[in-house]
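Morning, everyone. I have one structure to walk through today. Let's put it on the screen.

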Amino acid sequence: MKPAHLTFSWLLRLLALAALLAGGMAQAQTVGDYAAITQLLKAGKPAEALTQIEQRLAANPRDPQLRFLRGVAQSDAGKTEEAIATFTQLTQDYPELPEPYNNLAVLYAQQNQFDKARVALEMAVRNNPSYATAHENLGDIYARLAQQSYAKALQLDPNNATVKPKLALLRELFQRPAASTRTPASAPRK
């Protein structure tokens, strides 16, 4: 499963455009804040990123990008339940944003809660049908659910010759090393 993470260059372009449109120094400072926090996350410093995020959120508690980055930092820091709460709240406050649903699904999948992950990913895809990462993750979840169903079928009928090769293919698929656990994706914006 691939969480929605930010590519530095993409984020800078998006935030630079936002700064130009807003035309203010405060907005330019926000662009710098996002970039600094993103750099901390990329450097593997989620605790430092969380400190900066919390300081920025004190001034602007509804900022969806800061809240999204909080969830990413919480996840990276191993604070899974806090990250789930952050992404869940984002989906409630900004239901049109697909990225929080995607990251929520990743966390659910890590806990083997594949049905919850499926529901979250279906919302992400519904909100943005062009969101390739969510489509790929949804395919992974469907494959995991299929694996569970085939395993149950084989348990109920050990002589079922058609299930064994299907289950073997799925097991092989998930035993292959993943090329990457993170894929660049857009940050939520409001």
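Start at helix 9. Val-163, Leu-167 and Leu-170 are buried there. They cover an arc of only 65° around the axis, which puts them on the same side of helix 9. What do those buried residues pack against? The answer is helix 8. Now turn to the face pointing away from the buried side. Exposed residues Leu-169 and Gln-175 sit on that face.

A quick geometry check on helix 9. The helix runs over residues 163–175, which is 13 residues. At 1.5 Å a residue, the span should be 18 Å. The end C-alpha atoms are 18 Å apart, so expectation and model agree.

I should say it plainly: this is a predicted model. Keep that in mind for everything that follows.

Now the whole chain. How many helices and strands does the protein chain have? Nine helices and two strands. In sequence order the pattern is β-α-α-α-α-α-α-α-α-α-β. So much for the order of elements.

Next, burial and surface. The protein chain has 190 residues, and 41% of them count as buried. Its accessible surface is about 10,100 Å². Carbon and sulfur atoms account for 55% of that surface. On contacts, take those in the chain with a separation of 6 or more. Of these, 60% are between residues 24 or more positions apart.

Over to helix 7, residues 114–127. Same check as before. Its 14 residues should span 20 Å at 1.5 Å a residue. The end C-alpha atoms are 20 Å apart, which agrees.

Which residues of helix 7 are buried? They are Phe-114, Ala-117, Ala-120, Leu-121, Ala-124 and Val-125. Looking down the axis of helix 7, these buried residues fall within an arc of 140°, so they line one face of the helix. What covers them? The cover includes helix 6, residues 98–110, and helix 8, residues 132–156.

Helix 7 also has a salt bridge within it. The side chains of Glu-122 and Arg-118 meet at 3.1 Å, N to O. Both residues lie in helix 7, four residues apart, about one turn of the helix. Glu-122 is partly exposed, at a relative accessible area of 23%. Arg-118 is partly exposed too, at 24%.

A word on annotation for this stretch. An unreviewed UniProt entry carries the annotation "repeat: TPR" over residues 98–131. In the model, that range is 79% helix and 0% strand. Its end C-alpha atoms are 8 Å apart.

Back to salt bridges. The structure holds five of them. Let me take two that link one helix to another.

One is Asp-33 with Arg-56. Their closest N and O atoms are 3.1 Å apart. This pair links distant parts of the chain, with Asp-33 in helix 2 (residues 25–42) and Arg-56 in helix 3 (residues 46–59), 23 residues apart. Are the partners buried or partly exposed? Asp-33 is buried, with a relative accessible area of 10%. Arg-56 is partly exposed, at 22%. The cut-off for buried is under 20%, so the two fall on opposite sides of it.

Another is Asp-93 with Arg-67. Here the closest N and O atoms are 2.5 Å apart. Asp-93 lies in helix 5 and Arg-67 in helix 4 (residues 64–76), so the pair ties together parts that are 26 residues apart in sequence. Arg-67 is buried, with a relative accessible area of 7%. Asp-93 is partly exposed, at 27% relative accessibility. This pair also belongs to a network. Arg-62, Arg-67 and Asp-93 are linked in it by salt bridges.

One last residue, Thr-91. Where does Thr-91 lie? In helix 5, residues 80–93. Thr-91 is buried, with a relative accessible area of 9%. Leave aside residues up to four places away in sequence. Beyond those, Thr-91 touches Pro-100, Tyr-101 and Leu-104.

To recap the two helices I checked. The buried residues of helix 7 line one face of the helix. Those of helix 9 sit on the same side of that helix, and they pack against helix 8. Helix 8 is also part of the cover over the buried residues of helix 7. That's the tour. Questions, please.

Technical notes. Residues are numbered from 1 along each chain as its sequence is written. This is a predicted model: local features need pLDDT of at least 70, side-chain atom pairs count only at pLDDT 80 or more; totals for chains, interfaces and linings use all residues. Side-chain values use heavy atoms; hydrogens and water are left out. The expected span of a helix is 1.5 Å times one less than its number of residues. Buried means under 20% relative accessible area, exposed over 50%, partly exposed in between (1.4 Å probe, protein chains only). The arc is that of the directions from the helix axis to the C-beta atoms. Contact means heavy atoms within 4.5 Å. Accessible areas come from the Shrake-Rupley method with a 1.4 Å probe; for residues, only the protein chains shown count as cover. UniProt positions are given in the numbering used here, feature names are shortened, and annotations may be inferred rather than shown by experiment. A salt bridge is a side-chain nitrogen of Lys or Arg within 4 Å of a carboxyl oxygen of Asp or Glu.
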